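The following report describes the secondary-structure arrangement, the packing and selected backbone features of one protein chain. Please consult the sequence and coordinates alongside the text.

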Amino acid sequence: ASSSDSATASSKTCPKTGNPLPNLPLPDPLLSLTPGTWAYDTMSRRVNEEIFQRTYEENEETFNSPPFAEAFERLKDLRAELDAASTTKLRSLQFDKETDGRSSDVVDREEREWKEILAPYIDNDDTWLSAPWLVTEFYAYRRLIEALGYYDKSNPATYLYDPFLVAKRAGLDSSVNSAENMLEKVVSLPKTKEGVALAAAFALWGNKMDLSIWPADAENSSMDVFANILHAADENMLHDDTNSLTEHCERLRERGDGMVDIIVDNAGFELVTDLALADHLVASGVAKVVTFQLKSHPTFVSDALEKDLRETVEHYAALSSDKHPNAQAAGVRWQKYLDEGKWVCHEDNFWVQPSAMWEMPEPLRSDMKDRCDLAFVKGDANYRRLLGDRYWDYSSPFQDVVGCYFPCPVCSLRTLKAEVGCGMDKEQVERAKGLDDEWMVNGRFGVVQFGTGATR
């Protein structure tokens with residue numbers, strides 16, 4: 001059954017923002033205190049020993065250069081804190097308006113927002129492990145940005161230096177071969193519900209989709225063929241609201257002026273699947289304009305900024321049309337969408353902060369409420385924020401947790417990579433548990449969940 005069958009808006013409001021809240025009582029947030037959990041392993045070991053260590057190795061020459069001397073010392077201090085995560089208390093972020101390259105309004109606002117986010121945990125003497133996992137994980141990446149002097153315009157070497165660029169460029173280079181096959185298929189998608197369903201499936205599963213049964217003459221094939229391809233991807237689906245999604249998209253297509261947002265997660269091949277989804281939405285008439293909601297500074301290694309999206313489009317448009325004809329043609333098409341304003345990029349600090357999405361600030365919330373007809377939410381960190389990274393019952397309806405408060409109709413496309421979830425069918429959850437001990441964290445299982453959004 002569709003999670004929008006009981007399409008109720010929230011009657012509760014957030015004391016902080018006045019926004020609607022989930023309909024159900026808020027459960028406790030995930031902390032990082034329990035050994036054996038993904039949260040504990042992430043904050044006590046993975047962030048520092050794996051992620052920041054790899055970031056150091058990929059930037060070793062730069063970080064050891066004279067202009068980075070102070071930044072490198074600050075990075076070492078941050079890593080020492082993470083080494084002692086169970087005893088190190090959180091501190092406020094540091095801002096320097098004299099050297100910050102952004103306008104004072106933007107700096108003031110970000111300083112105020114982070115102060116508000118961190119205050120309860122600093123006042124409580126919380127450590128990296130006792131504060132909520134979502135807070136400390138986002139905070140770790142913002143502390144990295146602080147340590148490296150990312151916003152320090154007085155140092156041209158560190159100013160806007162992306163420490164994850166090596167990783168993102170590797171992801172971009174390696175995406176092309178997988179994408180070539182997929183992009184050939186995307187162009188031939190029918191302008192029907194089935195077309196939207198498949199474009200969404202590509203954005204969810206990426207190169208896990210079985211394209212071996214794709215018809216040679218796709219444009220003239222019966223819809224049954226596409227249904228079979230979708231069905232092949234169903235095996236690892238723990239909830240599927242594709243029907244509700246495609247019905248909503250049909251209404252937008254009939255209207256002809258749909259405004260669709262994609263709240264983007266990772267750069268690389270995943271971003272290419274988002275671009276393919278956006279391509280189909282515009283080409284098939286579901287969307288007049290697609291707005292990409294992007295990160296405002298490097299975070300979570302592979303998360304996409306506007307510069308990453310534009311670099312991806314330029315990279316694809318510059319490919320050899322002999323070697324990668326479909327990817328190159330897609331790049332040219334995408335550049336045209338950007339030039340014509342059919343695709344719009346919007347960076348916002350909210351997307352790099354750990355607040356639950358029911359705390360979405362103004363003017364972002366009003367913009368999405370008034371303008372946006374449908375928002376696709378991609379990836380695991382964004383999903384965790386939809387749920388406030390709390391221990392919801394896995395079977396709590398998505399509409400009652402998310403659909404009732406979100407500012408517009410919303411579709412989550414998520415493969416599971418954290419121990420949090422809702423709106424999943426009980427029998428499917430039991431099946432997943434039986435198949436795989438790591439079913440919640442290894443990305444094997446996924447959901448397509450649709451919610452109506454709060455009443456406008």
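Against which strands do the buried residues of H13 pack? In this predicted model, the buried residues of H13 pack against E2, E3, E4 and E5. Helix H13 spans residues 364–371, and its buried residues are Leu364, Arg365 and Met368. Viewed down the axis of H13, the buried residues fall within an arc of 100°, so they line one face of the helix. This agrees with a general property of helices: an α-helix has 3.6 residues a turn, so residues three or four places apart point the same way.

**The sheet**

The strands contacted by H13 belong to an open sheet of seven strands, ordered E1-E7-E6-E5-E2-E3-E4, in which the pairing is mixed. Strand E1 (237–240) and strand E4 (343–347) stand at the edges; each has a single partner strand, so one side of each is left without a neighbour in the sheet. On average, neighbouring strands of this sheet are turned by 15° against each other, direction ignored. In general terms, strands of a sheet pair through backbone hydrogen bonds, either parallel or antiparallel.

Three of the pairings are set out below.

| Strand pair | Sense | Bridges | A bridge pair |
|---|---|---|---|
| E2 (259–263) and E3 (289–294) | parallel | five | Val260 and Val290 |
| E2 and E5 (374–378) | parallel | four | Ile263 and Val377 |
| E6 (410–415) and E7 (446–451) | antiparallel | six | Arg414 and Val447 |

Strand E2 has E3 as a partner and E5 as another. Four of the five residues of E2 are buried, so this strand is largely enclosed by the rest of the structure. E2, helix H10 (residues 269–283) and E3 together form a right-handed β-α-β unit.

**The cores**

The largest nonpolar core contains 76 residues, of which Met368, Leu386 and Phe406 touch the most other members. Helix H5 (residues 133–147) supplies the largest share of this core, eight residues. Apart from this core lies another, of 59 residues, which includes Val196, Ala278, Ala304 and Ala327. As a general tendency, nonpolar side chains in soluble globular proteins are buried together.

Met368 is also one of the buried residues of H13. The surroundings of Leu386 can be listed in detail: with residues up to four places away in sequence not counted, Leu386 touches Met357, Trp358, Val377, Phe398, Val402, Tyr405, Phe406 and Ser412. Among these contacts, Val377 is the residue of E5 that stands opposite Ile263.

**Backbone features**

Most residues other than glycine have a negative phi, and most peptide bonds are trans. Where does the chain depart from this pattern by a cis peptide bond? The bond from Glu362 to Pro363 is cis, with omega near 0°. Pro363 lies in the loop between E4 and H13.

Two residues that are not glycine have a positive phi. Leu160 has a value of about 60° and lies in the loop between H5 and helix H6 (165–187). Phe300 has a value of about 45° and is placed in the loop between E3 and helix H11 (306–317). Is each of these side chains buried or exposed to some degree? Leu160 is partly exposed, with a relative accessible area of 44%, whereas Phe300, at 14% relative accessibility, counts as buried because the cut-off for buried is under 20%.

**Two aromatic residues in helices**

Phe72 lies in helix H3 (residues 69–83). At 13% relative accessibility, Phe72 counts as buried. With residues up to four places away in sequence not counted, Phe72 touches Tyr56, Phe63 and Asn64. The C-alpha atoms of Phe72 and Val47 are separated by 17 Å, and these residues are 25 residues apart along the chain.

Tyr121 belongs to helix H4 (residues 104–123). Which residues are in contact with Tyr121, leaving aside its neighbours within four places in sequence? They are Leu90, Asp126, Ala131, Pro132 and Val135. The C-alpha atoms of Tyr121 and Lys89, 32 residues apart along the chain, are separated by 8.9 Å.

Note on methods:
Residues numbered from 1 in each chain as written. Predicted model: local features only at pLDDT ≥ 70, side-chain atom pairs only at ≥ 80, totals over all residues. Heavy atoms only, no water. Buried < 20%, exposed > 50% of the residue type's maximum accessible area, 1.4 Å probe, protein only. Contact = heavy atoms within 4.5 Å. Pairing = 2+ DSSP bridges. Right-handed = clockwise from strand over helix to strand, strands pointing away. Axes fitted to C-alpha atoms, helices over the stretch in contact; angles between N-to-C directions. Core = buried A, V, L, I, M, F, W, Y, C linked by side-chain atoms within 4.5 Å. Arc of directions from axis to C-beta.
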